[in-house]
Structure formats: structure tokens, C-alpha cells
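Student: I have a protein model open and would like to learn to read it step by step. Could we go through it together, with a reason behind each answer?

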Amino acid sequence: MFYGDVQRIDVMRAAGADEAEVIFVCADDKDTCTEMVKRIKGSFPKVKTVVRAYDRMHVMELMDWTNGLIVRETFESSVLMAREGLLRLGVSETEVEQTVNEFRRRDAERLRLQKTIGVYAAAERMHEPYGIEKPEEKP
């Protein structure tokens, strides 16, 4: 494992990026992150990437430059918080996992539609219920 500035291709080559199996891109700035991914694709097209994206719009931009894993920072933290909130409200682990999985599936479907059709594609799907029943009150 090497840490370095992927904006400098010479540094990446010296670190062995040509032979790397995966490169992680974890920049705080969206524009810097996107530029890094473009440089990696241009210089090391066979290397897989794991990229931290800030939000949905950033993911759609990155989809043009990588076929690797893109992790949405705000999405993942929100899903984790929702999961924990449901568990603390008494929803069963099984029901929470089913709900989270269905949410992720719908979100991925909507993201694909937004990327191909436009950002307002499938907006009506955002408000469909996920099937969680309100837990019974505890005495």
C-alpha cells in the first residue's frame, strides 16, 4: 500500500500504479476527486478504482470515468443512520435489512435512470412506501 498524490502520474508510476490491482481515491474536494479519477483512467486504464463521492450528482459525473466502486459519502452515512434509527424504534433486524436492501435497490435503479434519461427520472419513486409497519407500543 502506498499513499501519494495521484495528481502526479510520475509519483504514481514510481509507487507501482501500473501493477496495482486497485487504487482508492478519497479526496475531500469533488473537482479534485474527479480529476484524479480521469488521470487514473487515462494513465492506468486496467486498474480498478474505489472512489469516494460526495453526493448523487458527483456519482453521475464519476460514472463517466470509472467502472469501479463509487461510495457516496452522504448516502452511506444516511443509510446507516436510518438503519440504526429503525432498530432503536423496535423494528426487527430482518425487516430493517429487507427495507435497507429495497431502498438500495430502488436507489440504484433510479440512479441508472437519472444517468441515462436525466436527473428528474423516476422522481415519483422517492415517495413510495417501503412496507415497514409501525412497531407495537411497549408497555
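Student: How far is the sulfur of Cys 26 from the closest cysteine sulfur, and in which residue is that sulfur?

Tutor: Please keep in mind that this is a predicted model, and that the sulfurs of a disulfide must lie within 2.5 Å of each other. The closest cysteine sulfur to that of Cys 26 is too far for a bond, and a search of the whole structure accordingly lists zero disulfides. The distance is 8.1 Å, and the residue is Cys 33.

Student: Is Cys 33 buried or exposed?

Tutor: A residue counts as buried under 20% relative accessible area and as exposed over 50%. Cys 26, at 48% relative accessibility, falls in between and is partly exposed. Cys 33 has a relative accessible area of 1%, so this residue is buried.

Student: What pattern does the chain follow when it is read along the sequence?

Tutor: The chain has five helices and three strands, and the pattern writes each helix as α and each strand as β. Read along the sequence, the chain gives α-β-α-β-α-β-α-α.

Student: In what order do the strands lie in the open sheet?

Tutor: Strands of a sheet pair through backbone hydrogen bonds, either parallel or antiparallel. In this open sheet of three strands the pairing is parallel, and the edge strands, each of which pairs on one side only, are S1 (22-25) and S3. From one strand to the next the twist averages 15°. The order is S1-S2-S3.

Student: Which residue in S3 stands opposite Ala 53?

Tutor: Strand S2, which covers residues 48-53, runs parallel to S3 and is joined to that strand by four bridges. In S3, Val 71 is the bridge partner of Arg 52. The residue that stands opposite Ala 53 is Arg 72.

Student: Which residues of S3 point to one face and are buried?

Tutor: Along S3 the side chains alternate, with Leu 69 and Val 71 pointing to the other face, where they are not buried. Val 71, for instance, has a relative accessible area of 31%, so this residue is partly exposed. The residues that point to one face and are buried are Ile 70 and Arg 72.

Student: With which residues is Val 71 in contact, leaving aside its neighbours within four places in sequence?

Tutor: Val 71 has its place in strand S3, and a contact here requires heavy atoms within 4.5 Å. Asp 55 is 16 residues away from Val 71 in sequence, and their C-alpha atoms are 9.1 Å apart in space. With the neighbours within four places left aside, the contacts of Val 71 are Val 51, Arg 52, Ala 53 and Glu 76.

Student: Which residues does Glu 21 touch, not counting residues up to four places away in sequence?

Tutor: Glu 21 sits in the loop between helix H1 (9-14) and S1, and at 69% relative accessibility this residue counts as exposed. The C-alpha atoms of Glu 21 and Lys 46 are separated by 8.5 Å, although the two residues are 25 residues apart along the chain. Not counting residues up to four places away, Glu 21 touches Val 47 and Lys 48.

Student: How far apart are the end C-alpha atoms of helix H5?

Tutor: Helix H5 takes in residues 93-116, which makes 24 residues. At 1.5 Å a residue the helix should span 34 Å, and the distance found between its ends agrees with this expectation. The end C-alpha atoms are 35 Å apart.

Student: What covers the buried residues of H5?

Tutor: The buried residues of H5 include Val 96, Thr 99, Arg 106 and Leu 111. Among the elements that cover the buried residues of this helix are helix H3 (56-62), strand S3 (69-72) and helix H4 (73-88).

Student: Which two residues form the aromatic pair, and why does the pair tie together parts that are 28 residues apart in sequence?

Tutor: A search of the whole structure finds one aromatic pair, which is stacked, with 5.7 Å from centre to centre and 10° between the planes. One partner lies in helix H4 and the other in helix H5, so the pair ties together parts that are 28 residues apart in sequence. The partner in H4 is buried, with a relative accessible area of 12%, while the partner in H5 is partly exposed at 31%. The two residues are Phe 75 and Phe 103.

Methods: Residues numbered from 1 in each chain as written. Predicted model: local features only at pLDDT ≥ 70, side-chain atom pairs only at ≥ 80, totals over all residues. Heavy atoms only, no water. Buried < 20%, exposed > 50% of the residue type's maximum accessible area, 1.4 Å probe, protein only. Expected span 1.5 Å × (residues − 1). Pairing = 2+ DSSP bridges. Axes fitted to C-alpha atoms, helices over the stretch in contact; angles between N-to-C directions. Phe/Tyr/Trp six-rings, centres within 6.5 Å; stacked < 30°, edge-to-face > 60°.
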